[in-house]
Amino acid sequence: MKEWFKWVKFFSLLVVLIALTVNLAVAQDDDDDEDMNPPHYYYIQKYEGTKTCLKCHMKEAQDVFHSLHYQWKTEARAEDLIGIEPGTKVGKLVDNNDFCTNPSAPWIDRYLNKDGKLIVDGCSKCHVGFGKKPSEKMTEKELENIDCLMCHAPGYSRKVVKGKDGQLHWIPDMSDDLLTLRAKNVRKPTAAMCLKCHAGSGGGANFKRGDIEMAHYEADEDLDVHFANDMSCIDCHTTKNHRIAGRGVDLAARDLPGVKVACENCHDEEPHDSDVLNRHTKTVYCTTCHIPDYARYDATDVERDWSRNELEPNGKHGEHTVLKKHVRPVYMWWNGKTVAQDPHKPAIAVNGYVKIMYPDGSINDPNAKIYAMKRHVANMPILKKERLILPINVNTVFKTGDVNKAIIEGAKAYFGKDITANDYEWIKVERYMGLFHEVVPGDKALKCQDCHGKNGRMDWKALGYKGDPRKFGGRFSKKRTK
């Protein structure tokens with residue numbers, strides 16, 4: 001009898017071990033294939049806000065709290081910026097740009113037109129929080145302000161409402177059951193999740209970047225060879241502790257210093273079959289040839305004038321904006337550093353424009369290459385005496401069309417200054433933005449004659465050459481030095 005009982009115990013233990021092995025294998029499959037087996041599906045019974053996530057993901061929430069996606073600011077770095085003292089806070093929350101200026105005043109709002117449709121909701125629409133401005137002091141309430149589903153839940157949406165405390169908040173725009181289902185299906189950010197905010201930055205579809213369009217949701221190779229082959233944003237913009245790699249020509253902040261997003265991370269430095277083309281890679285960056293134009297589906301904002309008010313059919317007021325499609329890039333040297341206008345220092349116009357963000361580099365800089373870029377210009381208010389460019393409370397413009405009031409509110413919120421209409425005037429500014437998306441395959445890239453032909457698109461003299469380098473020599477050739 002004892003012998004029989006011993007074998008029963010042995011086989012029972014064996015069954016348990018086999019079950020555990022199968023469960024571990026399934027769990028491994030969950031990690032490898034989130035679409036088929038969402039790893040959180042059986043863990044979440046009811047989603048009750050971020051506190052549901054914090055039960056298991058406190059460290060991740062703390063990482064997000066310190067990230068650029070939550071703080072919207074970080075410290076300036078000498079290897080990135082010229083003109084802004086290292087250690088100075090830079091980023092969306094503290095900078096003053098030539099699109100929607102600064103989010104300090106228009107952070108969150110709720111304004112309906114005469115038909116009851118929401119037309120103004122604020123810059124925090126794309127902040128990964130529930131409406132509270134981020135604090136630099138980490139608290140439990142601050143962590144609960146993080147909206148994890150913004151980046152991790154497919155199909156998630158939200159709306160702005162006035163809470164019982166009288167303050168405006170972002171809340172999920174769906175039933176409790178559907179919200180719980182969204183939370184059960186959380187996964188790593190897909191391209192679609194990133195596009196929700198990045199394709200609509202600047203106030204409209206493709207307004208700001210020019211090379212990140214709504215069409216990227218279902219891109220073909222004519223639009224973007226990477227998106228068409230099911231690459232996700234984080235394949236290139238790699239992450240560590242919820243910090244995301246990457247910094248464009250016009251971006252002051254960097255979330256993951258020391259990690260470079262570049263074509264050569266995946267492609268050989270001599271990727272062509274042709275020696276002639278491979279020689280170009282020493283001077284010409286890949287996207288210069290592989291992004292022949294941008295804004296191929298959605299027109300992009302190339303000029304914005306805040307001094308001119310226009311009324312839209314839905315009752316919303318807005319600034320005068322020039323939109324263009326199939327825009328040809330401008331070509332400039334860039335060595336990875338950006339000459340930036342410090343918003344707290346006097347702005348000086350050169351050739352009629354204040355250079356908000358300008359690529360550093362020249363033909364004589366061995367670290368510089370020729371990049372394809374978008375040029376954006378704007379008309380912005382500036383203090384007559386201090387020569388500080390003023391941000392604008394764009395929500396006030398959108399609701400009332402009163403630009404003067406919006407400028408006064410912007411100056412108060414950003415600089416703490418009380419000003420009048422007599423204290424400011426208008427000035428033109430420009431920024432240059434790198435183009436790194438909408439890469440086309442080789443057969444659709446620029447050909448030799450596109451640059452070196454009689455009516456080629458390169459302004460050789462502006463780039464520092466005597467003329468076409470085929471005739472006068474490239475920057476590394478002996479012919480050029482003669």
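A residue counts as buried here when its relative accessible area is under 20%. I start with that because Tyr432, at 9% relative accessibility, falls on the buried side of the cut-off. I will come back to Tyr432 when I get to the rings. Please keep in mind throughout that this is a predicted model.

The chain as a whole, then. It has 482 residues, and 45% of them count as buried. The secondary structure comes to 17 helices and 16 strands. Along the principal axes, the C-alpha atoms fill a box of roughly 100 × 65 × 40 Å. The exposed surface is about 26000 Å², with carbon and sulfur atoms supplying 54% of that area. On charge, there are 72 positive and 69 negative side chains, and the centres of the two sets are 4 Å apart. If you take contacts between residues at least 6 apart in sequence, 66% of them join residues at least 24 apart.

Now some pairs of residues that are far apart along the chain, starting with Val397. Val397 sits in helix α13, residues 394–400. Its relative accessible area is 1%, so Val397 is buried. Gly318 is 79 residues away in sequence, yet the two C-alpha atoms are 6.3 Å apart in space. Leaving aside neighbours within four places in sequence, the contacts of Val397 are Trp306, Asn309, His317, Gly318, Ile392, Val403 and Ala406.

Set beside that Ile171, in strand β7. Ile171 has a relative accessibility of 31%, so this residue counts as partly exposed. With neighbours within four places again left aside, Ile171 is in contact with Arg158, Lys159 and Val161. Thr420 is 249 residues from Ile171 along the chain, and their C-alpha atoms are separated by 37 Å.

Strand β7 also matters for the next item, helix α7. Which residues of α7, spanning 176–184, are buried? They are Leu179, Thr180, Ala183 and Lys184. Looking down the axis of α7, these buried residues fall within an arc of 140 degrees, so they line one face of the helix. The cover over them includes β7, residues 168–172, and α6, residues 149–152.

Helix α3, residues 58–66, has its own buried set: Ala61, Asp63, Val64 and Phe65. Here the cover includes α2 (50–54), α4, α5 (140–144) and β9 (243–244).

On to the aromatic rings. A pair of rings is described by the distance of the centres and the angle of the planes. The structure holds twelve aromatic pairs. One of them is Tyr358 with Tyr432, an edge-to-face pair at 5.4 Å centre to centre, with 90 degrees between the planes. Tyr358 belongs to strand β14, residues 354–359, and Tyr432 to strand β16, residues 424–434, so that the pair links parts of the chain 74 residues apart. Buried or partly exposed: which is Tyr358, and which is Tyr432? Tyr358 is partly exposed, with a relative accessible area of 25%. Tyr432, as I said at the start, is buried at 9%.

Another pair is Tyr371 with Phe436. The ring centres of Tyr371 and Phe436 are 6.2 Å apart and their planes meet at 75 degrees, so this pair is edge-to-face. Tyr371 lies in strand β15, residues 369–383, while Phe436 lies in the loop between β16 and α15 (448–452), so the pair ties together parts that are 65 residues apart in sequence. Tyr371 is buried, at 10% relative accessible area, whereas Phe436 is partly exposed, at 27%. Ring pairs also join these two residues with Tyr285 and Trp334 into a cluster.

Last, some backbone angles. Trp72 is not a glycine, but it has a positive phi of about 60 degrees. Trp72 is in the loop between α4 (68–71) and β1 (74–75). That α4 is one of the elements covering the buried residues of α3. Trp72 itself counts as buried, at 7% relative accessibility.

Asn206 also has a positive phi without being a glycine, about 70 degrees in this case. Where does Asn206 lie? Its place is the loop between α8 (191–198) and α9 (225–228). The relative accessible area of Asn206 is 0%, so Asn206 is buried.

Definitions and conventions
Residues numbered from 1 in each chain as written. Predicted model: local features only at pLDDT ≥ 70, side-chain atom pairs only at ≥ 80, totals over all residues. Heavy atoms only, no water. Helix = DSSP H or I, 4+ residues; strand = E, 2+ residues; numbered from the N terminus. Buried < 20%, exposed > 50% of the residue type's maximum accessible area, 1.4 Å probe, protein only. Contact = heavy atoms within 4.5 Å. Areas by Shrake-Rupley, 256 points an atom, 1.4 Å probe, with all protein chains shown as cover. Lys, Arg positive; Asp, Glu negative; His and termini not counted. Charge placed at Lys NZ, Arg CZ, Asp CG, Glu CD. Arc of directions from axis to C-beta. Phe/Tyr/Trp six-rings, centres within 6.5 Å; stacked < 30°, edge-to-face > 60°.
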